[in-house]
Amino acid sequence: MSMTAGRPFRSVLYMPASNTRALAKAATLGCDAVIVDLEDAVAPGDKDLARRNLKDWFSARDAKPAVTIIRINALSTELGADDLSLARSLEPEGILLPKVDTPRDILEAGDALDEEATPETTKLWAMVETPKAMLNLGAIAELGRDPASRLAGLVAGTNDLAKDTGVLVTPDRRYLLPWLMQIVLAARAGGLVALDGVMNEFRDLDAFGRECTEAAAMGFDGKTLIHPAQIEPANKAFSPSDAAVAEAQAIVETFALPENAGKGVISLDGRMVERLHLAQAERLLARAGRA
Ligand code: COA
Ligand code: MG
């Protein structure tokens, strides 16, 4: 199994690679993964500094958390190719491609990794943050069915989506929701991890907790974060609740009863439960065990 398969991705914290104080904390924070950013969180004048910091940080292995994803600049920019070359040489668990428009963008990055004999444990992740990516989402996610593509997950880029489409971002995200749901659907079709976009108002942890709860209900595996204070609420919201675990256990135990052997459908507390619910319950228990 790869480092990515079966892992929790409840809380995935962005850190600008230009911020050494943030990088120094990475290994001690309780997030499931970090995204070290070379792209939009780094000012144009700090790009070289950011690359140097990233390299230093990787060489000090103890400072590195278990799952590190590096976000490079888009391959269509003059920074992209060198970023990709540096990132792959560090052999992180993931490389996150911004501004993906088409499946070709992912295939090209994958080819570059293969040419340099990058270990297959380095996966690719795609930002979904352009109108074109939204329209090509099915074809992009389909790459997840081919392990050779390395595609492991989709990350909603809600700030860029709002900028490029002109939708108004309201506290309830009503105009973004159809696209977010589409990202979850595509991720499931492709067997990919689905991460929700960031919440910019990082001091309002009550609102953040509500947004996480909603994202979990929408089917996201986790949320991308911008501040360490957001880790705990995200971990909580994306871990199965005690009630959900108890219900899953009841389903597993009831199907295991001798009188239910070989039955496709049973009755539990006045509710129909099918074998598909058993599979769902087993997945939830596995997720709870990991969390
Ligand atoms: N990762 C790790 N540590 C972080 C962090 C992050 N994303 N954001 C803040 N911290 C650290 C700070 O370094 C600070 O530590 P220090 O006291 O040792 O210096 C501590 O947490 C408290 O920070 P705080 O003062 O509350 O926040 P700030 O005003 O310094 O920074 C932001 C606020 C939003 C600028 C900052 O959190 C940030 O840069 N976030 C990431 C942005 C990003 O990557 N965006 C790209 C994707 S959308
Ligand atoms: Mg973006």
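## Close-ups of the ligand and metal sites

**View 1: who surrounds ligand 1.** The shell around ligand 1 is made up of nine nonpolar, one polar and five charged residues (nonpolar: Ala, Val, Leu, Ile, Met, Phe, Trp, Tyr, Cys and Pro; charged: Asp, Glu, Lys and Arg; polar: the others, Gly among them). Out of those 15 residues, Y14, R21, K25, I226 and H227 come nearest (near: a heavy atom within 4 Å). This is a predicted model, where local features need pLDDT of at least 70 and side-chain atom pairs pLDDT 80 or more, while totals for chains, interfaces and linings use all residues. Residues count from 1 along each chain as written, chains are lettered from A and ligands numbered from 1 in written order, and side-chain values use heavy atoms, with hydrogens and water left out.

**View 2: polar contacts of ligand 1.** Zooming in, a polar side-chain atom of R21 sits 2.6 Å from an oxygen atom of ligand 1 (polar contact: N or O atoms within 3.5 Å; within protein, a possible hydrogen donor plus an acceptor, and sequence-adjacent residues only via two side-chain atoms). The side chain of H227 puts an N or O atom 2.7 Å from a ligand oxygen, and I226 joins in through its backbone, with a polar atom 2.8 Å from a ligand nitrogen. Taken alone, ligand 1 has 900 Å² of accessible area, and the protein covers 64% of that (Shrake-Rupley, 1.4 Å probe; for residues, only the protein chains shown count as cover). Strand 1 (11-16) and helix 1 (20-25) are the elements giving two or more residues to the shell (DSSP runs numbered from the N terminus: helices H or I, at least four residues; strands E, at least two). Strand 1 has the largest share, with four residues.

**View 3: Q230 behind I226.** Q230 belongs to the loop between strand 8 (222-225) and helix 10 (231-237). A polar atom of the Q230 side chain is 2.9 Å from the backbone nitrogen of I226. Why does Q230 count as buried? Because its relative accessible area is 0% (buried: under 20%; exposed: over 50%; partly exposed in between; 1.4 Å probe, protein chains only). Beyond neighbours within four places in sequence, Q230 is in contact with M199, F202, L205, F208 and L225 (contact: heavy atoms within 4.5 Å).

**View 4: the magnesium ion.** E129 (OE) and D160 (OD) coordinate ligand 2, the magnesium ion, at 2.0 to 2.1 Å (donors: N, O and S within 2.8 Å, or 3.2 Å for Na, K and Ca; without water, sites may look incomplete). E129 lies in the loop between strand 5 (123-128) and helix 5 (131-135) and D160 in helix 7 (residues 158-165), so this pair ties together parts 31 residues apart in sequence. Both E129 and D160 are buried.

**View 5: R10 and S239.** R10 lies in the segment before strand 1 and, at 12% relative accessibility, counts as buried. Its side chain makes a polar contact with the S239 side chain at 2.9 Å.
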